[in-house]
Amino acid sequence: MEERVSISISEGVADVRLVRADKMNALDQAMFEALVAATDRLSKEKGVRVVVLSGEGRAFCAGLDMGRFAAMKEKGGNGIPGGENRDLTKRTHGQANFPQQAVWGWRQLPVPVIAAVHGVAFGGGFQLSLGADMRFLSADARMSVMEIKWGLVPDMAGTPILASLVRDDILRDLTYTGRIFSAQEAMSYGLATRICDDPRATALEVAREIAGKSPDAIRAAKRLLNNLSVDPGPALLAESVEQQKLIGSANQTEAVRSNLEKRAAKYAD
């Protein structure tokens, strides 16, 4: 896990860092496994009162590793996290599957999670930030629901979380277009909690403040706030069903191939 995600704990604050800086913390198999392992460890770690999640280097997380898309370029290659031909509809972690747990696991933690986002948070990286209770962004941060670029849909628990944060038409706009939006736009949409000069430093400062409150009350507050949401189970399963139908299909393969070859796509109706 340490090659992808580092965890240091001090005075009740868990400082969690994505440490694949040379690849802008892109999500390869090892990163997925490290994220799931991190939430599993933190869920059992005594003394943790708040978590700060951030990325080293130039970005929070650039999304799915390009090697995954290269695997999708040939028809039939699925590039699914967790191995070839993984059944996405199989629930491996309660209501979630393995890739979803890399995001949903942060929601399930009994303590608050603050994502400190700088650089880019694209696709799966954007969904990862959604797993946090709060998102602190640098002024130059950029985000995107980028799955449509690759002929896919968000399938890492992003849709049920987004539906609780933004207006329906905004959610559709971002999902259908995959356009990149700014920190200022994210704030106006309800996707950013704060815009900061130094998101990680601010997140750690706020985390220390929260860690100074009654841990019983903070945990109770998170349980209470989590229970305000509608049952995410149907939405999580729907993500998996739709994604599994798309992966490896002719138009999805063409989306990947055209992007990698830098040409206009030729889709079949």
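Ala, Val, Leu, Ile, Met, Phe, Trp, Tyr, Cys and Pro are counted here as nonpolar, Asp, Glu, Lys and Arg as charged, and the others, Gly among them, as polar. On this basis the lining of the second largest pocket divides into eight nonpolar, six polar and two charged residues. The model is predicted. The pocket in question, the second largest, has a volume of about 350 Å³. Its lining comprises 16 residues. Trp104, Asn226, Ser229, Val230 and Pro232 lie nearest the centre of this pocket. Two elements, helix H3 (98–108) and helix H5 (158–165), each give two or more residues to the lining. H5 gives the most, with four residues.

The interior was examined next. In soluble globular proteins, nonpolar side chains tend to be buried together. The largest nonpolar core of the model holds 52 residues. Val16, Leu35, Leu42, Val51, Trp106, Phe126 and Leu191 touch the most other members of this core. Helix H1 (residues 29–44) supplies the largest share, seven residues. A second, separate core has 13 residues, among them Val13, Ile114, Leu204 and Ala211.

Val16 has contacts in several parts of the sequence. Beyond its neighbours within four places, Val16 is in contact with Val5, Ser6 and Ile7, with Leu42, with the run Val51, Val52, Leu53 and Ser54, and with Trp106.

H1 has 16 residues, which at 1.5 Å a residue should span 22 Å; the end C-alpha atoms are 23 Å apart, in agreement with that value. An α-helix has 3.6 residues a turn, so residues three or four places apart point the same way. The buried residues of H1 are Met31, Phe32, Ala34, Leu35, Val36, Ala38, Thr39 and Leu42. Their cover includes strands S1 (5–10), S2 (13–18) and S3 (50–55). H3 and helix H4 (124–130) also take part in that cover.

Leu191 belongs to a loop, the one between helix H7 (183–189) and strand S9 (194–196). Leu191 is nevertheless buried, because its relative accessible area is 0%, where the limit is under 20%. With residues up to four places away left out, Leu191 touches Phe126, Leu130, Arg135, Leu162, Leu165, Val166, Leu174, Phe181 and Ala186. Ala116 is 75 residues from Leu191 in sequence, and the two C-alpha atoms are 13 Å apart.

Leu130 lies in H4. Leu130 also has a relative accessible area of 0% and is therefore buried. Leaving out residues up to four places away, Leu130 touches Arg107, Arg135, Gly158, Ile161, Leu162, Leu165 and Leu191. Ala217 is 87 residues from Leu130 in sequence and 23 Å away in space, C-alpha to C-alpha.

Backbone angles were also considered. Most residues other than glycine have a negative phi. Glu11 has a positive phi, near 50 degrees. Glu11 is in the loop between S1 and S2. At 69% relative accessibility, Glu11 counts as exposed, since the limit is over 50%. Ala157 likewise has a positive phi, of about 75 degrees, although it is not a glycine. Ala157 lies in the loop between strand S7 (142–144) and H5. Unlike the exposed Glu11, Ala157 is buried, with a relative accessible area of 0%. Lys262, which follows helix H11, has a positive phi near 55 degrees. The buried residues of H11 (residues 250–260) are Gln252, Thr253, Glu254, Ala255, Val256 and Ser258.

Notes: Residues numbered from 1 in each chain as written. Predicted model: local features only at pLDDT ≥ 70, side-chain atom pairs only at ≥ 80, totals over all residues. Heavy atoms only, no water. 1 Å grid on protein atoms, 1.4 Å probe; cavity = no way out; pocket = protein on both sides within 12 Å on 5 of 7 lines; lining within 4 Å. Points joined across faces, edges and corners; volume = space filled by probe spheres on them. Core = buried A, V, L, I, M, F, W, Y, C linked by side-chain atoms within 4.5 Å. Buried < 20%, exposed > 50% of the residue type's maximum accessible area, 1.4 Å probe, protein only. Contact = heavy atoms within 4.5 Å. Expected span 1.5 Å × (residues − 1).
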